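Me: I would like a close look at one part of this predicted model. Please begin with one pair of facing residues and then work outward to what surrounds it.

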Amino acid sequence: MEQRLVYVEVKSSPPKGVEQSEISTFFSRINDILPDVVFLFNDTQLRMKDKLVVMFEEELERRYGIESKTLYPVERLIEELFHVQNRIFLVNSKKDVVENFQICLKHYLRHCVRGL
């Protein structure tokens, strides 16, 4: 996208079917690939806060220690869309998949790309 590397990982099971090891591997792939913007898309209309956000927080704490909640907070963008440092997004399909990705990409461009 506009000379930026976008990485999207898709999970098709409901949040309760996603394991912590998958989240750990997701973050390892981010470290290997070094994309500009990242999406973990869970093809569900279920809530993300109860399980996936918690697993993100646990993985970030495992990697970066107790300061991770300050350095890398998992923040709600809107409804069930979340982000870490404006470039790692946790997205579901509630309402509209395309609109959800657009909201996240606009947020990324607004906060992470100079000159906008």
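Which residue in S5 stands opposite valine 84?

Reply: In this predicted model, the residue that stands opposite valine 84 is isoleucine 88 in S5. The strands concerned, S4 and S5, pair in the antiparallel sense over three bridges. The loop between S4 and S5 holds asparagine 86, whose phi is positive, near 65°, although the residue is not a glycine.

On its other side, S4 is joined to S3 by four bridges, and these two strands also run antiparallel. Here isoleucine 78 stands opposite leucine 81 in S4. S3 and S4 form a hairpin with two residues between them, and in that turn glutamate 79 has a positive phi of about 40°.

These pairings belong to an open sheet of five strands, in the order S1-S2-S5-S4-S3 and with mixed pairing. Strand S1 (6-11) and strand S3 (74-78) each have a single partner strand, so they stand at the edges and one side of each is left without a neighbour in the sheet. On average, with direction ignored, neighbouring strands of the sheet are turned by 25° against each other. Helix H2 packs on this sheet and touches S2, S3, S4 and S5, its direction making about 140° with that of S3. Helix H4 (residues 97-112) packs on the sheet as well; H4 touches S1, S2, S3, S4 and S5, and its direction makes about 165° with that of S5. In the loop between S5 and H4 is lysine 95, another residue that is not a glycine but has a positive phi, about 75° in this case. Lysine 95 counts as exposed because its relative accessibility is 61%, above the 50% cut-off.

Isoleucine 88 also leads from the sheet to the interior. The largest nonpolar core has 19 residues, and Ile88 is among those with the most contacts inside it, together with Ile23, Phe26, Phe27, Phe56 and Leu90. Two or more residues of this core come from each of helix H1 (20-33), strand S2 (37-42), helix H2 (49-64), strand S4 (81-84) and strand S5 (88-92). The greatest contribution is that of H2, with five residues. Apart from this core lies another, of eleven residues, which includes Val37, Phe89, Phe101 and Tyr108.

Within the largest core, phenylalanine 26 shows how the parts meet. With neighbours within four places in sequence left aside, phenylalanine 26 is in contact with Ile88, the residue from which this account began, and also with Tyr7, Glu9, Val38, Phe39, Leu40 and Phe56.

The two helices that contribute to this core also pack on each other. H1 and H2 meet at an angle of about 60°, and their axes are 9 Å apart. At that angle they are therefore oblique to each other. H1 passes H2 in a right-handed crossing. On the H1 side the contact is made by Gln20, Ile23, Ser24, Phe26, Phe27, Ser28 and Asn31, and on the H2 side by Leu52, Met55, Phe56, Glu58, Glu59, Leu60, Arg62, Arg63 and Tyr64.

One member of this contact, glutamate 59, lies in helix H2. Glutamate 59 counts as buried because its relative accessibility is 2%, under the 20% limit. Beyond its neighbours within four places in sequence, glutamate 59 is in contact with Gln20, Ile23, Ser24 and Phe27. The C-alpha atoms of glutamate 59 and serine 28 are separated by 10 Å, the two residues being 31 residues apart along the chain.

Also in helix H1 is isoleucine 33, which counts as partly exposed because its relative accessibility is 37%. Not counting residues up to four places away in sequence, isoleucine 33 touches Leu5 and Tyr7. From C-alpha to C-alpha, isoleucine 33 and tyrosine 7 are 8.4 Å apart in space, with 26 residues as their separation in sequence. Tyrosine 7 thus returns the account to phenylalanine 26, with which it is also in contact.

How values were computed
Residues are numbered from 1 along each chain as its sequence is written. This is a predicted model: local features need pLDDT of at least 70, side-chain atom pairs count only at pLDDT 80 or more; totals for chains, interfaces and linings use all residues. Side-chain values use heavy atoms; hydrogens and water are left out. A nonpolar core is a set of buried Ala, Val, Leu, Ile, Met, Phe, Trp, Tyr and Cys residues joined through side-chain atoms within 4.5 Å. Buried means under 20% relative accessible area, exposed over 50%, partly exposed in between (1.4 Å probe, protein chains only). Contact means heavy atoms within 4.5 Å. Two strands pair if DSSP finds at least two bridges between them. Axes are lines fitted to C-alpha atoms, for helices over the stretch in contact, and angles run from 0 to 180 degrees between N-to-C directions. Angles under 35 degrees count as roughly parallel, over 145 as roughly antiparallel, 65 to 115 as roughly perpendicular and the rest as oblique. A crossing is left-handed if the near helix is turned anticlockwise from the far one by less than a right angle, and right-handed if clockwise.
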